[in-house]
Amino acid sequence: MTASRPRVCIVTAGHMSTCPRMLKAADALHGAGYDVRVVSASHTGWAVSADQELRATRSWRWTIVDYNRTTARFVQIKTGARMRIAHMLTRGLGAALVPRTFYVHAYSRAHDELVGAVTAEPADFVYGGTTGALAAVAEAAGRLRVPYAVDLEDFHTGERSAMVGDLNVVAERVERLVMPGAAFLTTSSPMIADAYEEKYGLRPRTIHNTFSLDLSEPPQAAEPRPWRFYWFSQTLGAGRGLEDFIPAAGRAGISGELHLRARVREPYLADLLRFARDTAPSLDVKVHEPAGPDAMVPLAHGYDLGLSGEEPTVINRRMCLGNKIFTYLAAGVPVLLSATPAQSQLGRELGDAAMVYEPGDVAGLAEQLSRFTADPQMRRRSQCAARDAARQRWHWEHPEDRGALLDAFGQVVPLPRR
């Protein structure tokens with residue numbers, strides 16, 4: 001290890017702008033005094049621009065593995081062909097029996113390129129997250145002969161209700177490959193930590209998907225404005241509670257706006273707009289382009305409720321506490337949560353800052369929305385409770401989130417004493 005600042009390489013198989021956990025880790029470690037280099041991928045048009053905005057505002061070093069169709073066509077073809085062959089061999093030989101090189105490449109399109117980028121420079125520690133980076137982190141650290149840690153944001157063997165090509169078994173093999181050798185493990189919710197401990201006997205440290213506070217009061221409208229509700233994700237698609245919220249708003253007779261921020265997939269958007277016109281004619285659905293990570297909390301200002309309608313049909317969705325919830329709270333916006341086990345538990349902790357409904361119970365949700373919109377005092381209480389919850393616990397700078405991450409690093413790669 002170097003006698004000066006420890007060199008940490010942060011790795012994600014996605015765009016840095018779409019991986020807030022690794023972005024926050026890089027920022028926190030750099031701010032604490034570590035020598036940070038980031039390795040991330042580039043493959044999606046809109047996120048390339050968001051990455052460029054990040055690059056202009058960060059001073060840690062950054063290596064990009066580019067397999068974008070426009071800027072790295074050969075790499076895109078090569079990695080795509082390699083992954084298809086790996087899938088074919090994994091299915092043919094059996095996911096439980098296929099050699100390591102095949103299941104690793106079936107799980108990660110850019111595995112070799114990520115490993116090459118990490119090992120291109122010396123490091124004292126490697127830390128990474130997202131599915132496609134897990135095996136790359138372990139392999140690269142092994143080549144560099146340094147310790148590593150992995151972030152298991154989701155319960156990867158439970159991310160889909162039906163996984164084509166037995167990828168569920170592949171996910172388990174990757175986890176069994178990387179977890180035992182890690183200096184530490186992190187995850188995003190207590191229930192996901194419980195699931196990993198039960199499955200593998202190893203408990204990740206929970207570091208929530210919290211964000212830095214931005215509780216500045218939005219400008220007050222001169223006249224009464226319509227109700228404003230907000231939902232965002234990387235991609236607009238089914239299974240995120242919109243099919244419950246829209247008809248519930250219609251039943252409640254709400255005149256207002258539903259703002260959606262995501263990359264649009266057709267024909268889903270056209271179908272959703274048609275559904276909204278039929279079931280909630282007084283609800284104006286407005287669609288916005290995705291935005292970079294630094295803008296997400298400010299963009300949540302001024303809404304009456306933030307929506308997090310996870311559906312419990314997928315195991316991971318029952319246990320996760322996603323970015324949406326803590327983005328809304330960091331902006332002082334109360335949350336509407338579907339009653340998955342994890343969100344129900346959080347809803348009880350949040351009190352007046354949260355409304356919780358059973359997925360599929362449109363009538364019950366409509367009743368709650370009716371009470372909320374008919375009672376100005378309830379609205380004010382929920383706003384105050386959201387701001388209080390964010391200040392007291394649900395912000396990134398809290399000792400149990402950023403502090404926990406820095407503590408984990410300090411135990412393995414401590415900073416030199418000043």
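Reader: Why is Y230 called buried?

Author: This is a predicted model, and the values below are computed from it. Y230 has a relative accessible area of 0%. Buried means under 20%, so Y230 counts as buried.

Reader: Which aromatic pair does Y230 form, and what makes that pair edge-to-face?

Author: The structure holds 16 aromatic pairs. In one of them, Y230 is paired with Y328 at 6.0 Å centre to centre, with 65° between the planes. Rings pair if their centres lie within 6.5 Å, and planes over 60 degrees apart count as edge-to-face. Both values meet these limits, so the pair of Y230 and Y328 is edge-to-face.

Reader: How do you know that the pair links distant parts of the chain?

Author: Y230 belongs to strand β8 (residues 227–235) and Y328 to helix α13 (residues 323–330), which puts them 98 residues apart.

Reader: Is Y328 buried or exposed?

Author: The relative accessible area of Y328 is 1%. The limit for buried is under 20%, so Y328 is buried.

Reader: Which residues do ring pairs link into a cluster?

Author: The cluster is made of Y34, F125, Y127, F184 and F409.

Reader: What makes E113 buried?

Author: E113 has a relative accessible area of 17%. Since buried means under 20%, E113 is buried. E113 is part of helix α5. Leaving aside residues up to four places away in sequence, E113 touches V65, K78, T79 and R82.

Reader: Why does E153 count as partly exposed?

Author: E153 has 21% relative accessibility. Buried means under 20% and exposed over 50%, with partly exposed in between, so E153 falls in the partly exposed class. E153 is in the loop between β5 (148–152) and α7. Residues up to four places away in sequence aside, E153 touches R21, T187, S188, I192, N209 and N323. Its C-alpha atom is separated by 23 Å from that of W60, 93 residues apart along the chain.

Reader: Which residues of helix α4 are buried, and what do they pack against?

Author: In α4 (residues 100–107), the buried residues are Y103, V104, H105, A106 and Y107. They pack against α3 (73–93), α5 (111–119), α6 (134–144) and α7 (167–178).

Reader: How many cavities of 30 Å³ or more are there?

Author: The count is two. The largest has a volume of about 60 Å³, and the second largest holds about 50 Å³.

Reader: What lines the largest cavity?

Author: The lining consists of R21, M22, K24, A25, Y127, D151, T186, I207, H208, W396 and L405. Four of these residues, the largest share, come from helix α1 (residues 20–32). By class there are six nonpolar, two polar and three charged residues.

Reader: Which elements each supply at least two residues of the lining of the second largest cavity?

Author: They are α9 (242–251) and β11 (305–308). The full lining is W231, R240, G241, L242, F245, L307, S308, G309, L336, Y357 and L365. Seven of these residues are nonpolar, three polar and one charged.

Reader: How do you know that the charged end of K24 sits over the ring of W396?

Author: The charged end of K24 is 4.9 Å from the ring centre of W396. A charge over a ring must be within 6 Å of the ring centre, so the distance for K24 meets that limit.

Reader: Where does R228 lie?

Author: R228 lies over the face of Y303, at 4.3 Å from the ring centre. The same limit of 6 Å applies, so the distance for R228 meets it.

Reader: What is the peptide bond from E266 to P267, cis or trans?

Author: That bond is cis, with omega near 10°. P267 sits in the loop between β9 (256–263) and α10 (268–279).

Reader: What is the phi of T130?

Author: Phi of T130 is near 80°, a positive value in a residue other than glycine. T130 is in the loop between β4 (125–129) and α6. The relative accessible area of T130 is 26%, and partly exposed covers values between 20% and 50%, so T130 is partly exposed.

Reader: Why is R145 called exposed?

Author: R145 has a relative accessible area of 79%. Exposed means over 50%, so R145 is exposed. R145 is placed in the loop between α6 and β5. Although R145 is not a glycine, its phi is positive, at about 60°.

Conventions. Residues are numbered from 1 along each chain as its sequence is written. This is a predicted model: local features need pLDDT of at least 70, side-chain atom pairs count only at pLDDT 80 or more; totals for chains, interfaces and linings use all residues. Side-chain values use heavy atoms; hydrogens and water are left out. Buried means under 20% relative accessible area, exposed over 50%, partly exposed in between (1.4 Å probe, protein chains only). Helices (H or I, at least four residues) and strands (E, at least two) are DSSP runs, numbered from the N terminus. Contact means heavy atoms within 4.5 Å. On a 1 Å grid over the protein atoms alone, a cavity is a set of points where a 1.4 Å probe fits but cannot get out, and a pocket is an open set with protein on both sides within 12 Å along at least five of seven lines; lining residues have an atom within 4 Å of a point. Grid points are joined across faces, edges and corners, and a volume is the space filled by probe spheres set on the points. Ala, Val, Leu, Ile, Met, Phe, Trp, Tyr, Cys and Pro count as nonpolar, Asp, Glu, Lys and Arg as charged, and the others, Gly among them, as polar. Rings of Phe, Tyr and Trp (its six-membered ring) pair if their centres lie within 6.5 Å; planes under 30 degrees apart count as stacked, over 60 as edge-to-face and the rest as tilted. A charge sits over a ring if NZ of Lys or CZ of Arg is within 6 Å of the ring centre and within 35 degrees of the ring normal.
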